[in-house]
Amino acid sequence: MKFSYYPGCSLDGSGIEYGMSMERTARILGFELEELEDWNCCGATSGHNTDQLLSLALPARNLAIAEKTGMSMMTPCAACYSRHRHAEHVIQHDPEMKKKIEQVLETELQGTSETVSILDILANKIGTEAIAAKVTNPLTTMKAACYYGCLLVRPVEHTGFDDAEDPQTMDKVMKALGADAIEWSHKTECCGAAMVTSRPDVGNPMLYRVLKDAKESGAECIVTACPLCMLNLDMRQAKIEKQFKEKLDLPVYYVTELLAIACGDDPKTVGIEKHFVEAGKYLQIVKVRAAEAKAAAEKAAAEAAAKAKEKAAAAKDKAAAGKTKAPEKAKSEGDIAEPDPKKVEAFKTALTKNPAKMAAKLVADEAQAGILVSILDEKRIGKLADLMATDMELAKTAAAAFVTEELKRQGECQD
Amino acid sequence: MDMAIKLSPATEEQKKLLAKVEKEAGTSVNLCYQCGKCTAGCPAAFAMDYPPRQVIRLLQLGLIDQALRAESIWICASCETCSARCPRGVDIASLMDTMRRQALKQGKADKRVAAFNKAFLSNVKNFGKTFEAGLLLRYNLTTGQLFKDMELGLPMMIRGKVGVLPERIKAREEMKKIFERAEKLGGDE
């Protein structure tokens, strides 16, 4: 898989670690990025605030170069992505404006370019299964608020790779990395964008509301795919804490940084120490907690296996006891000593003809009942029918033991 | 905010201007039935003199001069939430964008925003790319806020987040021509 690559201006400056981790992400997942030849700035907000034609011509010059490569063009920055998608939309749907753009550029446009975002590539073009397969250090126990902001999901007719109100692509990627993607309500609310710089009286409350909702929803960090969102959430967080007198302490990461780290990279190689809110410590905490969780899970699995073995052995003993010591048991408990042959036959027939219904009677869990059905053979049917005719509880224990045995066998096969 | 507005029929000039704004924005204000969904979802409405719904109402009433003078158009962060949620398909964000450009032409723009945009685009015109450090310095100098965000400058440099020299593209002559031709062709309307 190969893409034309439009890094955008901020990846040389404030978004430097986004560029570093983007290159690592491509290397790890095995896709190639070829930087667009002599690309120019998309004009960003200043462009579309000043002159419509110019704001379309600037990205269109890049699109003209990109369409000659025959590859889709990936733009890490959400604003660059939006400007190029917008120009693409106009070129494809507005012939009059397309002609004007061509006059400004003195170039003919085919309208065949396709600008894609990194989230689209990760979640839809590469897929979370392929990502999960590369994970060596899963981010288990990380509680991440996936923050999409505005321009990756809006306007819908220009973006369209994810839901505008409750997008999921980043959540899926984070889950593939082993993290917990928390539910929260501000995942597509505006961070204040340029307002935080030009009009802090407007921008700061907007930024504060995003940070506060992440915190209140149980997030321990925020994940983003936009350099301007990063700048605001990370660099301005200390100022916001001071202004609103509230400790937020939320490290912010690019999704590409976390992907590289979960796939074995040292945090330093993707520039984690360049963040303003201390971001290395939380990764250490997650590492320790992930190791603890792994150890606990392994211990629980071992205990469960031992218990199942014990239970199976006990069931066997009990079943054997039920047969040999039947008269004694009958005396002490008043049970029927010998299984009634007619009843045994009836259970055998029922188990053969209607295994699903009978399995449900023996095993409460639906999935486990299914397993029981799949492993019912003559020998097991005989044993279960015997026990059912004598003592239903014993039959249930034996059925559970069969299922556990099978699950264990399957587990060993997978290993 | 002055809620009482004296209504008088829009002049021919105002009607023409509104039609131009609607065409450029690719939307029609008469589609709006004033439900207020745009304002409800607007993250910046709390700071606006006329929230989005009222800006549209001003346009519907032909009061385009008031709309162009509204502080709201400079408070809009272009987050596109209004357009995404409008049940009538009015592209409010695009209208805000168009009105900002119109206000700029009429000299009604917020001076700080206008200064920033000018500095930004001059970067693009001369180098083909933006140069964040130089841009902020120039913005601070022209707006007389010399020490704005200064406390962030040094930490950014330490983190290697400030380029020392502007990056230049090869096609700088082409960039200048694009700017010139866009200005010439854009002014034809």
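This is a short talk about one helix of chain A and about how chain B meets chain A.

Okay, so first off, keep in mind that what you're looking at is a predicted model. Its overall scores are ipTM 0.92 and pTM 0.81. For chain B, the mean pLDDT comes out at 89, and 95% of its residues reach 70 or more. Within that chain, confidence is highest in helix α2(B), residues 37-41, at 98, and lowest in helix α9(B), residues 132-143, at a mean of 75. A general tip here: where pLDDT is low, don't read the predicted coordinates in detail.

Now find helix α10 of chain A, residues 200-216. Does its length add up, or how far apart should its ends be? With 17 residues at 1.5 Å a residue, the helix should span 24 Å, and the end C-alpha atoms are 23 Å apart, so the two agree. Just after α10(A) comes Gly218(A), with a positive phi near 95 degrees.

Which residues of α10(A) are buried? They're Val202(A), Gly203(A), Met206(A), Leu207(A), Tyr208(A), Val210(A), Leu211(A) and Ala214(A). And what covers them? From chain A, the cover includes β5, α9, β7, α11 and α12, and chain B joins in with α5 (72-75).

That brings us to the two chains together. Here 46 residues of chain B are in contact with 44 residues of chain A. On the chain B side, α6, α7, α8, α10 and α11 of chain B each supply at least two of the touching residues. Sort that side by type and you get 24 nonpolar, nine polar and 13 charged residues.

Terms used:
Residues are numbered from 1 along each chain as its sequence is written. Chains are lettered from A and ligands numbered from 1 in the order in which they are written. This is a predicted model: local features need pLDDT of at least 70, side-chain atom pairs count only at pLDDT 80 or more; totals for chains, interfaces and linings use all residues. Helices (H or I, at least four residues) and strands (E, at least two) are DSSP runs, numbered from the N terminus. The expected span of a helix is 1.5 Å times one less than its number of residues. A residue is buried if 20 or more other C-beta atoms lie within 10 Å of its own, exposed if 12 or fewer, and partly exposed in between; C-beta atoms are placed from the backbone. Two residues are in contact if their C-beta atoms, placed from the backbone, lie within 7 Å. pLDDT is the predictor's confidence in each residue, from 0 to 100. Ala, Val, Leu, Ile, Met, Phe, Trp, Tyr, Cys and Pro count as nonpolar, Asp, Glu, Lys and Arg as charged, and the others, Gly among them, as polar.
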